[in-house]
Amino acid sequence: MCQLLGMNSNVPTDICFSFAGFRVRGGATDEHRDGWGIAFFEGRGVRVFLDPQPSIESPIAELVRSYPIRSLNVIAHIRKATQGTVTLDNTHPFQRELWGQYWIFAHNGNLADYTPAFNGRFLPVGNTDSESAFCDILQHLADAFPDGPPSASALHEALRRLAIRIGHHGPFNFLLSNGERLFAHCATRLAYIIRQAPFTVAHLSDEDLTVDFSQLTTPADRVAIIATTPLTDNEVWLTIAPGTLLSFRHGERESLGETATFARPGPTIA
């Protein structure tokens with residue numbers, strides 16, 4: 001299946017270090033060769049890069065790896081196709097508008113016999129189960145909250161219920177953001193780390209690259225990194241329990257009534 005990467009921070013931060021390790025999973029250290037994409041929130045706008053080529057061979061991925069775009073919320077995806085052809089329109093992450101906000105979504109999993117009914121406001125462009133799930137989520141949110149964005153707790157609860165319903169069709173690991181929060185739902189495998197003072201040295205597990213974050217940050221900085229599997233081999237990552245929806249804001253995990261979306265025990269440390 002696919003690989004997910006997300007970042008949420010309290011100050012605009014670049015993701016060059018994490019992306020350097022992430023991109024080699026697209027054809028070098030892993031088998032995911034069916035395209036890749038990344039989205040950066042910048043104010044109310046979103047900068048999106050998509051390429052159906054393997055990320056390890058993509059000149060666009062090399063540009064992103066070396067170009068320090070600073071953002072509060074980032075979502076990236078490396079694809080191993082299970083549904084849909086290997087084309088640009090099927091490349092994650094996907095983007096739509098709701099309540100005057102851009103929303104970004106990426107999915108890891110395979111939803112079987114999943115044919116949601118659409119009312120026309122949000123329609124898939126490609127032919128993946130992932131984009132259909134994204135449109136399904138936004139259509140439900142638009143119908144449930146026609147007057148505009150709900151409270152953070154109400155939004156979290158609505159997403160939790162949607163994760164239960166859609167997850168009945170198969171693994172539904174996803175990252176979702178509106179530029180204010182980053183939501184991470186774990187169905188099978190997802191981990192995160194929060195980097196904050198005192199910052200230390202980190203070493204990538206997929207590439208021989210080390211960075212000393214104490215030389216690049218201030219004591220007030222805080223960054224949450226979410227990935228399908230840990231990107232570094234000398235830091236403690238927290239494994240998200242399968243069946244859990246988390247919300248990250250300002251580089252930390254929020255407490256929004258994180259009730260499991262289904263009952264399955266999981267480890268707490270990785």
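Helices and strands here are DSSP runs, at least four residues for a helix and at least two for a strand, numbered from the N terminus. With that in hand, P198 can be placed: it lies in the loop between β9 and β10 (201-203). The model is predicted.

## The seven-stranded sheet

One open sheet has seven strands, in the order β3-β2-β4-β1-β12-β9-β13, with antiparallel pairing. Its edge strands are β3 (45-51) and β13 (238-239), and each pairs on one side only.

Start with β1, residues 3-13. Seven bridges link β1 to β4 in the antiparallel sense. Within that pairing, Q3 stands opposite I78 in β4. Strand β1 also pairs with β12, again antiparallel, over five bridges. There, L5 has A227 of β12 as its bridge partner.

Strand β12 has another partner in β9, residues 191-196. These two run antiparallel and share six bridges. I193 is bridged to I225 in β12.

How many of the six residues of strand β12 are buried? Six of the six are, so β12 (residues 222-227) is largely enclosed by the rest of the structure. R222, A224 and I226 point one way from the strand. V223, I225 and A227 point the other way, and these residues are all buried too.

Helix α1 (residues 16-23) lies across this sheet. The strands it crosses are β1, β2 (36-42), β4, β9 and β12. The helix runs at about 175 degrees to β1.

## The six-stranded sheet

A further open sheet is formed by six strands in the order β5-β6-β7-β8-β14-β15, and its pairing is antiparallel. Here the edge strands are β5 and β15, each pairing on one side only. Strands β5 and β6 run antiparallel and are joined by five bridges. E97 stands opposite Y102 in β6.

Helix α3 packs on this sheet, touching β5, β6 and β7 (173-177). The direction of α3 makes about 10 degrees with that of β5. Helix α4 lies across β6, β7, β8 (182-186) and β14. Its run makes about 145 degrees with β14.

## Where α3 meets α4

The axes of α3 (residues 129-144) and α4 (residues 152-167) come within 11 Å. They cross at roughly 135 degrees. The two helices are therefore oblique to each other. The crossing of α3 past α4 is right-handed.

Which residues make the contact? From α3 come A133, D136, I137, H140 and L141. From α4 come L155, A158, L159, L162, R165 and I166. The contact residues divide into eight nonpolar, one polar and two charged.

## Loops and backbone details

The table sets out some backbone features in loops.

| Site | Feature | Value | Loop |
|---|---|---|---|
| H92 to P93 | cis peptide bond | omega near -5 degrees | P93 between β4 (71-78) and β5 (94-98) |
| A197 to P198 | cis peptide bond | omega near 0 degrees | P198 between β9 and β10 (201-203) |
| W99 | positive phi | about 60 degrees | between β5 and β6 (101-108) |
| H250 | positive phi | about 55 degrees | between β14 (244-249) and β15 (252-253) |

W99 has its positive phi although it is not a glycine. Is W99 buried or exposed? At 18% relative accessibility, W99 counts as buried, because the cut-off for buried is under 20%.

H250 is not a glycine either, yet its phi is positive. H250 is partly exposed, with a relative accessible area of 39%.

The loop between β4 and β5 also holds T85. T85 is partly exposed, at a relative accessible area of 44%. T85 and L72 are 13 residues apart in sequence. In space, they are 32 Å apart, C-alpha to C-alpha. What does T85 contact, leaving aside its neighbours within four places in sequence? Its contacts are with R79, N90 and N127.

Key
Residues numbered from 1 in each chain as written. Predicted model: local features only at pLDDT ≥ 70, side-chain atom pairs only at ≥ 80, totals over all residues. Heavy atoms only, no water. Buried < 20%, exposed > 50% of the residue type's maximum accessible area, 1.4 Å probe, protein only. Pairing = 2+ DSSP bridges. Axes fitted to C-alpha atoms, helices over the stretch in contact; angles between N-to-C directions. Parallel < 35°, antiparallel > 145°, perpendicular 65-115°, else oblique. Left-handed = near helix turned anticlockwise from the far one by under 90°. Contact = heavy atoms within 4.5 Å. Nonpolar A, V, L, I, M, F, W, Y, C, P; charged D, E, K, R; others polar.
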